[in-house]
Each structure stands twice: as C-alpha cells, then as structure tokens.
Amino acid sequence: MKKYDEKGLIQLWQDRLQKNETAYSKELNAMDVRTGYYEGNRAITPKDSKKSEKVQPASMVRNIVSELVEAQVDSAIPMPKVTARREIGEPLAKTIEDFLRNELDRMPFEQINDMDERVCPVQGGDYFLVEWDADRHTHNTRGELSVTLLHPKQVIPQNGVNDINDMDYIIVRLGMSKAHVKEKYGVSVVDEKESNPESRGGGSSADDVVTVNFGYFRNKNGGIGCFAWVNETVLEYLEDYQARQGKKCAKCDQPMEGDECQFCGSKKSVDSQEDSFTLYEDIHRSDGSVIPAYSQVQQLPMEGMQEIMMDPFTGEAMQAQVQQSREPTKIPYYKPDIYPILLRKNVSAWGKVLGDSDVDKVKDQQNAIKKCDTRIQEKLDKGGSLLTKHEDSRMEFTDEQLKIVEVSSPSEISCISVHNLQVDVSMDRLIADDNYQNARNIIGITDSFQGRQDRTATSGTAKQIAVAQSAGRLESKRIMKHAMYADLFNVMFKFLLAYSDEPRTVRHSSIDGSVEYTLFNKFDYLRQDEAGEWYWVDDFLFSVDNSSALAGNRESMWQETRMNFQTGAFGEPQNISTQILFWNMMSKLHYPLAADIKGQLEEMQQSQEAMQQAQQMQQMRALPTENEVGTQPMDINALLGGGGNEM
C-alpha cells in the first residue's frame, strides 16, 4: 500500500532534473568536446568562434591529448590502511584492512581503475557508486558489496553546491534493460522509451533499454532517501532507503519473516522500517565474549507497587525486594546516513563540482598542432617533380626501371631533366614541436617520465632526479586519488556494518608466506555503554597504504629485495629458511618462477629435516640403556678421578 503522492513526486523530481540539467548543460557540452579531443577529433576550432567561419577538418591528427593522458595512467590500485582510535580496536582495524583487500580482489577493480585513470584527467573527475546488492547470495551469506564507476555525464549535481555532502539531493542516470528493471523492481516498463542514451555512452535510442533516474536526497532526519523513476513510472520510493526494510503483520503489527504471521496466522503484511532486531540466541564474538539473547532487567514485584512498603503486622516501613526478569536483547540496526556517491577530482578547482581537466589546459596547443600538421601535409601533397624533354622526344612512362627514349639528335638529350618542387615545411614543424613541448610543460611530463631518451640527464642519478621532479608535479593528482579511495573504504566498511549479517571469511597472508583465515563479524564492533545501551563502533580512520604505490614498480622492488637478502636483512643467506623467505617475497612481487623455486627449496628443507630426525633416532638407539649400564664393569680409577694409584 503506497503512502505517498506518486504524481506529485514524479513532477517534483522531473522539475529538479530539468532545472539542474539546464544549469549544468555548459559543463555537459564541454564533456563532449573533451572526449572529442581525446579520441582524436579532426575538427579545427576557428580563430573567432562567434563568426560563422567554416574551417576544413584536419587531414591528420597528432593526438597529443591522448599521449599525455596515457602517460599519466597509474595501474596501481591503492590498498586500504585502517587505524583504530583506541588500543582495544587494533585487532578490529586489522580485520577491516584485510577484508577490504579481499573485496578489492573480488570486485573488478582492475577494470574500474583502468577506466577511471582515463576519464578523470579528461573530464576533470568522475564518480564511484557504492551499493549493497541484496540479490547476490552464497551458501553461507546474503548480499555483497558492489562498486560502480560513473561517468560525470551520468550524474547531475544540485546547482550551486560544489560538495556532495552538502547537497540536498543529487541525481544519477543509468541505462538498464527493461527485463532487468522488471526483475529488480517488479515494475513493467515495456512501453517506456529511452530518454537519455548518453547515460550509457551515447548513440541512438535502444528498444530494449530505458534510462533509470535515481534521486538521492537528505530526509528530514538527516538520513538518505532514494526515489527511482523511468519517465512517468515510479519504480521505488524510500524515505530512508539505508534503513533496514521489513514486513509487519497488518493485523497484529508483529514482524513477519515468511508469508504467514507466526503470531496470529494472518497472511496480510505491510512494509515497515526496522530500527532494531531481537536476538533469539547468544552471539559469540571473535574475542570470546558473548552477546546474550536475554538481558537482566530489574523491576518491582507487582505493578504499581512503590519501592517502600509497610509491614502489615508491625506497621513498620520495609524495603521492597527487587525482582530480576529476563527480556530479549534488542540491538539497533546500523545505518550509514551518507551519500553512496563519491567524487574523484583530477585537480581541485575553485567554484566547480568537478576538478580541473587536463584537456582544457592543452586544447589550444592541440588545435595549433592540427593546423600545422594539416598545412605540412597539404604542402607535401601539392609538391612534386617536373620532367622536361624535347617536344619531339618520345618517352615510355612505365614502372620499369630501364626506360627507352627515342631522340632524333644529341641536342634533345640535354633537354631531358627533372625539377623537384618541394616547399619548405621546417617552420611549420618548428611551431608544431613548440606547441607539443608547451603542452607537456603545462601538464608536467618530461622525456624521462615517458621513458624516452633524456639527453639533459648525464648520469643515472641525474635521470632519477629528473623523474622525481616530474613526478612531484603530478603528486597532487595521486593525492586526490588516494583521498577518494580512503573515503571509498570508509563507505564500504559502513555498508558492511549495516547489511552483512553473517560472519564472512577473511584471507590474510603472513610474512612467512603462510595463509591465515579469520572472520569478519560485524558484532565484534558492537559495544554496550554503562547505561546498558548498545552502540556500534565505526570511528576508525581510513587512509591509503603508501607502500602499495612503491610495490607497483616491480623491477625496483626486486632489486631492493635482492639487496636486503644479500646484506643479511632476512637472515643468514646460506640458511635454507632464509632462502625460502626471500623467494616467498619475490613470489609476492611476481618474479618469474619464484613460486617454483620456493617449492623446491621447501622440499629440500623437508628432506633435510627428515634426515636429521633419522640421524637423531639412530643416535638414540646407539646409547646404552639403564640395564646395560648396570651390567658394565665399574672403573674405580675413573670414579675417583684417576687418584686410585696414589692410594
């Protein structure tokens, strides 16, 4: 039973979408221009864009925009680092860290990062959407985290507000198949048409696809609500969509877990928001403590009886005995109350929702290079060679190397000559190269950074310094990426705390190469204050492990690990245990055949240990027993220390 005005909500959100999309249209149009530059569009911008000047497209494109963007691609995925605010929370922080690492491996973050590394510098930023997919089940768990990369054209922010956390609402547009909409929301949209093909990458409208609009908003209580619609059709409206949703009996108002009420037998139910849940059995936490299913509650013997009573026989006042009763333990549901949309900025820019785009900085240089290269090509095409001969001379114009020329007199031979008509293009090339160098200087990319030969660096140390200086100019982009990932890890943890009801396995690799398995149990983060109120511990500090970026440079890490091994940092290099530890580290750094070498060394170690045990057993058998010692003749001199002869 719907308790909201469907038509009113549709009209409200359609007006919001239209108003903010109109205000955002300039930025949306600029996104198309940037994409064109990155893809190598041949269009040349005229000198005066206000005049209706027709400019021929470029005959060829030296795509410096794509080159500079690709030079900055960082394939390393930042790893989480979780810090506890209190000493008691250190083991919990380590568990969160390991579980988030497992989630990065489970989800396709390699593909997400690959797209993110290109969209962000081109458009100035992009978005990450975090959701809890309740439809994904395993044998032991229900629901999983889901992270989706959103192109900035898919997100319409509230006009005038530049920080997502300060927005009253934000709209996301996604292209979904009609069958998927029916399966997910139970609403048929067969007759609807796709309203925005750009939400899935552009192109013409598809018959089996619709544009689903999601409006995320702050409700009156500070929580997050969600309204989803397609054209004039409402798919879902949740005033507090991050709260746990359940069903209650329409007759007795008790929670229902199946199709029939367990208390009154009624089959009619209504949707309800659940703020807490009741424990039916004790919950055991990882530290050995127990959350009891029943709590002790103090109360008076009879209802309405005062704590001070009068003795009916003596008339004296006496203290009433307080009785203990057991009530089921109620635990409040955790609710994140944060927007599930995160923004990664390329470089921060004042007064803009997105960051500063690299394409906007170098598009003038790209346009100038298009013009210069086009002029060069035209000059080369119009140039050529001229052949002069006597008018009476007959010549064969074939592809054969030996050609026959018939002349009537020796003077006709001197008339045969070739004249090359080549125009000087050196100045055009110089201007194009200057614009290319200017574009690289603006972004901060040098020859060393691109892996080219850098003649300015006369030694290996000088080259390392040049690379470090170039990387320093791009450090702010990495910091912005790490800041977004830190926020992403925080949101992922809060969603796990809210919706992962079952313990989940966490895999962790120790320093010696062994694998340990623990559990992420959200009830480990549940505490009870002195007043008996239950609360969730979520005040962990999330950041990025900076060592993960260094680990991305495998060659450098191989050299560092090999040097540490040779200097004895792992132990005695001749010791087989030290060698196993070394090759285990090299295996983690993806050194070729490192795992095979480690396996062979472990077999050798096991063989040596078996031989040592066998030798010890033989030595034990060779020792005389107590009975054998008793039958041996005693040497008096040996017992007296060699002093028997003197006596």
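**Packing of helices α7 and α8, with local features of the chain**

In the predicted model, the interface between α7 and α8 is formed on one side by D358, K361, V362, Q365, A368, I369, C372, D373, R375, I376 and K379 of α7, which meet D428, R429, I431, A432, N435, Y436, N438, A439, I442 and I443 of α8. Classified by residue type, this contact comprises eleven nonpolar, three polar and seven charged residues. Two packed helices are described by the angle between their axes and the distance between the axes. For helix α7 (residues 358–382) and helix α8 (residues 426–443), the angle is about 165 degrees and the axes lie 9 Å apart. Because angles over 145 degrees count as roughly antiparallel, α7 and α8 are assigned to that class. The crossing of α7 past α8 is left-handed.

Helix α4 was examined for its length and burial. Its 17 residues (90–106) should span 24 Å at 1.5 Å a residue, and the end C-alpha atoms are 25 Å apart, in agreement with that expectation. Buried positions in α4 are L92, A93, T95, I96, E97, D98, F99, L100, E103 and L104.

Positive phi values occur at two loop residues that are not glycine. N231, with phi near 55 degrees, is placed in the loop between β7 (224–230) and β8 (233–238). The relative accessibility of N231 is 21%, so this residue counts as partly exposed. L593 has a phi of about 65 degrees and is found in the loop between α13 (576–588) and α14 (594–622). With a relative accessible area of 60%, L593 is exposed.

Technical notes: Residues are numbered from 1 along each chain as its sequence is written. This is a predicted model: local features need pLDDT of at least 70, side-chain atom pairs count only at pLDDT 80 or more; totals for chains, interfaces and linings use all residues. Side-chain values use heavy atoms; hydrogens and water are left out. Axes are lines fitted to C-alpha atoms, for helices over the stretch in contact, and angles run from 0 to 180 degrees between N-to-C directions. Helices (H or I, at least four residues) and strands (E, at least two) are DSSP runs, numbered from the N terminus. Angles under 35 degrees count as roughly parallel, over 145 as roughly antiparallel, 65 to 115 as roughly perpendicular and the rest as oblique. A crossing is left-handed if the near helix is turned anticlockwise from the far one by less than a right angle, and right-handed if clockwise. Contact means heavy atoms within 4.5 Å. Ala, Val, Leu, Ile, Met, Phe, Trp, Tyr, Cys and Pro count as nonpolar, Asp, Glu, Lys and Arg as charged, and the others, Gly among them, as polar. The expected span of a helix is 1.5 Å times one less than its number of residues. Buried means under 20% relative accessible area, exposed over 50%, partly exposed in between (1.4 Å probe, protein chains only).
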